[in-house]
Amino acid sequence: MSKQKIYLDHAATTPMSAEVFEKMKPFFSDTFGNPSAVYAEGRRAKAAVETAREQAARSLNAKPEEIYFTSGGSESDNWAIKGIAFSLQDKGRHIITTAIEHPAVLNTCHFLEKLGYEITYLPVDPCGLVSVQTLQNAIREDTILVSIMMANNEIGTIEPIKALAETAHENGVLFHTDAVQAFGNVPIDVTDLGVDMLSLSGHKFYGPKGTGILFCRQGVKLESLIHGGKQESGVRAGTENTAGIVGIGEACECAVKQLSENCIHERELTQFLIDQLTKIPGIYLTGHPDLRLPGNASFYFEDIHSEALMTALDLDGIEVSGGSACTAGSINPSHVLKAIGLNDEQARNALRLTVGRENTLDEMKQTVLSIQNIIERMQ
Ligand SMILES: *Cc1c(COP(=O)(O)O)cnc(C)c1O
């Protein structure tokens with residue numbers, strides 16, 4: 001008999017919620033019309049897209065005209081960074097980001113370096129925090145954009161985005177944040193935060209894969225990456241992914257409704273994991289002790305091989321990850337763990353447990369037991 005699985009990799013992706021799936025279903029069958037069409041079927045699809053835009057806008061305290069639907073977090077990050085790089089290239093060609101960003105930001109910046117842009121990768125402290133002073137010192141006359149993630153996908157550290165955005169603005173520089181990990185786990189109000197652009201990914205908050213949002217403040221001129229038809233106010237071409245858009249809109253609304261309950265639940269579970277696992281000799285917490293995502297429990301090991309541990313956990317039906325999904329399978333040590341000061345060996349031996357709303361305390365107890373047993377066997 002197969003064991004019940006315990007899924008602890010919500011930072012990689014979340015299961016789509018039943019409510020979201022129900023809302024999407026008609027748009028795969030009956031309501032298939034092109035939202036740009038004039039007849040009733042098309043108008044129904046169009047109305048559904050605009051309802052989703054309003055749901056997304058409400059969930060961020062933005063205006064519907066400031067919400068653009070994309071194919072995911074990666075596209076939103078690419079668009080924000082390249083879009084500003086291209087539209088402001090005559091003003092300057094210097095961009096500031098951090099050493100701990102997701103590859104969707106880092107590799108976009110590496111691409112721009114090949115085109116002649118200069119990028120500053122800000123360091124972080126041992127807890128993964130970016131300091132306002134470090135940002136202030138890095139801003140130059142030709143800086144056009146600052147892009148700093150709201151919460152890190154590996155270690156869960158939450159950055160002081162409001163203060164960082166303020167610093168950028170005091171110097172006349174635009175500010176983008178990758179809030180893919182934060183949304184649904186941290187309250188987000190774009191008006192209060194003062195950010196100019198913000199990226200979201202549907203599948204990280206119980207919505208469909210292949211859907212994303214870019215919030216772009218009215219008045220910020222962003223060059224298009226996808227040229228063609230007049231969809232998304234003429235700045236992002238292509239027939240809308242109606243079902244996906246309906247799904248991410250609904251997922252936005254659910255995420256905000258369940259935010260506080262979700263946070264309390266996740267915090268209780270991760271606190272248990274952190275308390276129990278750091279009792280084991282050779283296991284250390286990574287990231288900030290308090291300023292961290294409620295669902296993130298991440299560790300590094302001294303003298304324990306995380307690959308072997310993860311394989312053994314998989315046999316017990318427990319699904320976890322090393323650094324992040326995007327570095328899984330690669331033998332390279334995590335760039336995030338290196339940036340917080342771990343050596344190669346430590347940075348290779350990472351374990352990330354990310355919990356979600358469907359996890360239970362009982363599952364955490366089983367996970368801790370399983371890890372204890374595996375480590376004993378390994379020694
Ligand atoms: C998952 C993730 C992305 C990429 O989102 P996709 O929708 O999978 O393209 C970007 N940034 C962060 C921080 C992420 O965790």
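1. Which residue has a polar side-chain atom that lies 2.6 Å from an oxygen atom of the ligand? In this predicted model, the residue is S201. The protein as a whole covers 87% of the 380 Å² of accessible area that the ligand has on its own.

2. Two further polar approaches to the ligand deserve attention. Q181 places a polar side-chain atom 2.7 Å from a ligand oxygen atom. G73, by contrast, uses its backbone: a polar backbone atom of this residue is 2.8 Å from an oxygen atom of the ligand.

3. The surroundings of the ligand comprise 13 residues, and those that come nearest are S74, D178, Q181, S201 and K204. By class, this shell divides into eight polar, three charged and two nonpolar residues. Helix α3, which spans residues 73-87, gives the most to the shell, with three residues.

4. As to location, the ligand sits in the second largest pocket. This pocket holds about 160 Å³ of space. Its lining consists of 18 residues, of which G73, H102, V180, S201 and K204 are the closest to the centre of the pocket. S201 and G73 thus appear here again, having been named above for their polar atoms beside the ligand, S201 through its side chain and G73 through its backbone.

5. The composition of this pocket may be set out in the same manner. Eleven polar, four nonpolar and three charged residues make up the lining of the second largest pocket. Helix α3 provides the largest share of that lining, namely three residues.

6. Enclosed space should be considered separately from the pocket. The structure holds two cavities of 30 Å³ or more, and about 230 Å³ of space lies in the largest cavity. The lining of the largest cavity counts 24 residues, with Q181, N185, K204, E266 and V355 the closest to its centre. Of these names, Q181 and K204 are also among the residues that come nearest to the ligand.

7. Which helices each supply at least two residues of the lining of the largest cavity? They are α9, covering 242-257, and α10, covering 259-277. By class, the lining of the largest cavity has twelve polar, nine nonpolar and three charged residues.

8. For a reader new to the structure, K204 is a convenient point of reference. K204 is listed with the residues that come nearest to the ligand, with those closest to the centre of the second largest pocket, and with those closest to the centre of the largest cavity.

Definitions and conventions. Residues are numbered from 1 along each chain as its sequence is written. This is a predicted model: local features need pLDDT of at least 70, side-chain atom pairs count only at pLDDT 80 or more; totals for chains, interfaces and linings use all residues. Side-chain values use heavy atoms; hydrogens and water are left out. A residue is near a molecule or strand if one of its heavy atoms lies within 4 Å of it. A polar contact is a pair of N or O atoms within 3.5 Å; within protein, one must be able to donate a hydrogen and the other to accept it, and residues adjacent in sequence count only if both atoms are side-chain atoms. Accessible areas come from the Shrake-Rupley method with a 1.4 Å probe; for residues, only the protein chains shown count as cover. On a 1 Å grid over the protein atoms alone, a cavity is a set of points where a 1.4 Å probe fits but cannot get out, and a pocket is an open set with protein on both sides within 12 Å along at least five of seven lines; lining residues have an atom within 4 Å of a point. A molecule sits in a cavity or pocket if more than half of its atoms lie within 2 Å of its grid points. Helices (H or I, at least four residues) and strands (E, at least two) are DSSP runs, numbered from the N terminus. Ala, Val, Leu, Ile, Met, Phe, Trp, Tyr, Cys and Pro count as nonpolar, Asp, Glu, Lys and Arg as charged, and the others, Gly among them, as polar. Grid points are joined across faces, edges and corners, and a volume is the space filled by probe spheres set on the points.
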